[in-house]
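Trainee: I would like to take a close look at a single part of this model and then follow it outward into its surroundings. Could you walk me through it slowly, one step after another?

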Amino acid sequence: MHFITDLLQTIVFGLVAGITEWLPVSEGAHMLLLDTLWPFSYESFYALFHSLIRIGSAAAVLYLFHDKLFSFLNEKRSAKRRDSLRLWLYIGLAALPLGFLSVILAPSVKEWLNAPFVYSVALIAFGIILILVSNAHLPVSILHMEQINVSVAIRIGLFLCLAIVPGTSMYAAALIAALLAGCTKSVAARFSAMAGMPVLIVNAIGTLNMYIYNGSAISLFQVLILIVGCCMAFLASVFTLKWFARFMENYSAKSFGWYRIVFGILLFAAFIL
């Protein structure tokens, strides 16, 4: 019975992580609430579990956009190969600042900012920003992924650094930056996921390295729940990425801004009041 309960919990945690990772709503805040309502069975293992299952979310990006990301491997046309390699360059430029900050500041962030109050404020603040950006009539100059350039990638990367604050949402920060940089909603939704993918992988590797460095062991059952969690996050991410890309083609992200505000207020009331 204990085995079944742990497996069910793993499935739920993986699904929630995968769904909220690629929506502008803060995966971390939702996982914080979920872990509070349904405490993870292996408390000392939770940080590693939470970080590693996000590899499933990153893998979903590689899977869905493999035609653009890996065309340099099998595309005969040199122009397509160059586009693919340039895209990787722009992804690297967008992901590098936050990836660097995550490695350097992770212990400090965990110690000083990993609190419900910070999550609540970030949820509300970026909810307001998301509404304002969605309502603004921003000029659009980037209609296709191939039109993204170094300047746009750097601007997205610098703005993405704000996601170091818990509750901000890496995807929300990248989405807002891409829209402000002149991307269409569809391009912004897709490139924001690509920009966030390397950060998830770097964070997972860093967390695993720290876990091993501290001399912690992983049991066979924990390996099993990691695999299950990754698979659930992958499946949920594939569905969410496809759905949100279609959603952004016809609607704005304003409704997610209101959702963030309501969720932030509820989170504040639940933990602080």
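Mentor: Let us begin with W88, which, once its neighbours within four places in sequence are left aside, is in contact with L62, L69, F70, F72 and M197. Please keep in mind throughout that this is a predicted model. W88 belongs to helix α7, which covers residues 78-112, and its relative accessibility is 28%. Because buried means under 20% and exposed means over 50%, W88 with its 28% counts as partly exposed. As a check on distance, you can find A29, which is 59 residues away from W88 in sequence and lies 29 Å from W88 in space, taken from C-alpha to C-alpha.

From W88 we can move on to the nonpolar residues that are packed inside the model. In soluble globular proteins, nonpolar side chains tend to be buried together. The largest nonpolar core here has 56 residues, and those that touch the most other members are V61, I148, I156, F191, M194 and F244. At least two residues of this core come from each of α4 (54-64), α7, α8 (116-135), α9, α10, α11 and α12 (220-250), and α11 gives the most, with ten residues. F191 is a good residue to select on your screen, since, leaving aside its neighbours within four places in sequence, F191 is in contact with L87, Y90, I91, A94, M145, I148 and I156. A second core, separate from this one, has 16 residues, including F45, Y46, I53 and A204.

Next, turn from the packed regions to the open ones. Rolling a probe the size of a water molecule over the atoms shows where empty space is left. The largest pocket has a volume of about 1600 Å³, and of the 49 residues that line this pocket, H50, R54, A106, K110 and T207 are the closest to its centre. Helix α7, where we started, is among the elements that give two or more residues to this lining, together with α1, α2, α3 (46-52), α10 and α11 (185-213). The element that gives the most is α11, with nine residues. Sorted by class, the lining of the largest pocket holds 25 nonpolar, 18 polar and six charged residues.

The second largest pocket has a volume of about 210 Å³, and of its 14 lining residues, K68, K80, D83, S84 and E146 are the closest to its centre. Two elements, α5 (66-69) and α7, give two or more residues to this lining, and α7 gives the most, with six residues. The lining of the second largest pocket divides into four nonpolar, two polar and eight charged residues.

Finally, two serines deserve a look at their backbone. Most residues other than glycine have a negative phi, and most peptide bonds are trans. S26, however, has a phi near 80°, which is a positive value in a residue other than glycine, and S26 sits in the loop between α1 (2-21) and α2 (27-37). S169 has a positive phi as well, near 85°, and its place is in the loop between α9 (150-160) and α10 (170-180). The relative accessible area of S26 is 2%, so S26 is buried, and S169, at 8% relative accessibility, counts as buried too.

Technical notes:
Residues numbered from 1 in each chain as written. Predicted model: local features only at pLDDT ≥ 70, side-chain atom pairs only at ≥ 80, totals over all residues. Heavy atoms only, no water. Helix = DSSP H or I, 4+ residues; strand = E, 2+ residues; numbered from the N terminus. Buried < 20%, exposed > 50% of the residue type's maximum accessible area, 1.4 Å probe, protein only. Contact = heavy atoms within 4.5 Å. 1 Å grid on protein atoms, 1.4 Å probe; cavity = no way out; pocket = protein on both sides within 12 Å on 5 of 7 lines; lining within 4 Å. Points joined across faces, edges and corners; volume = space filled by probe spheres on them. Nonpolar A, V, L, I, M, F, W, Y, C, P; charged D, E, K, R; others polar. Core = buried A, V, L, I, M, F, W, Y, C linked by side-chain atoms within 4.5 Å.
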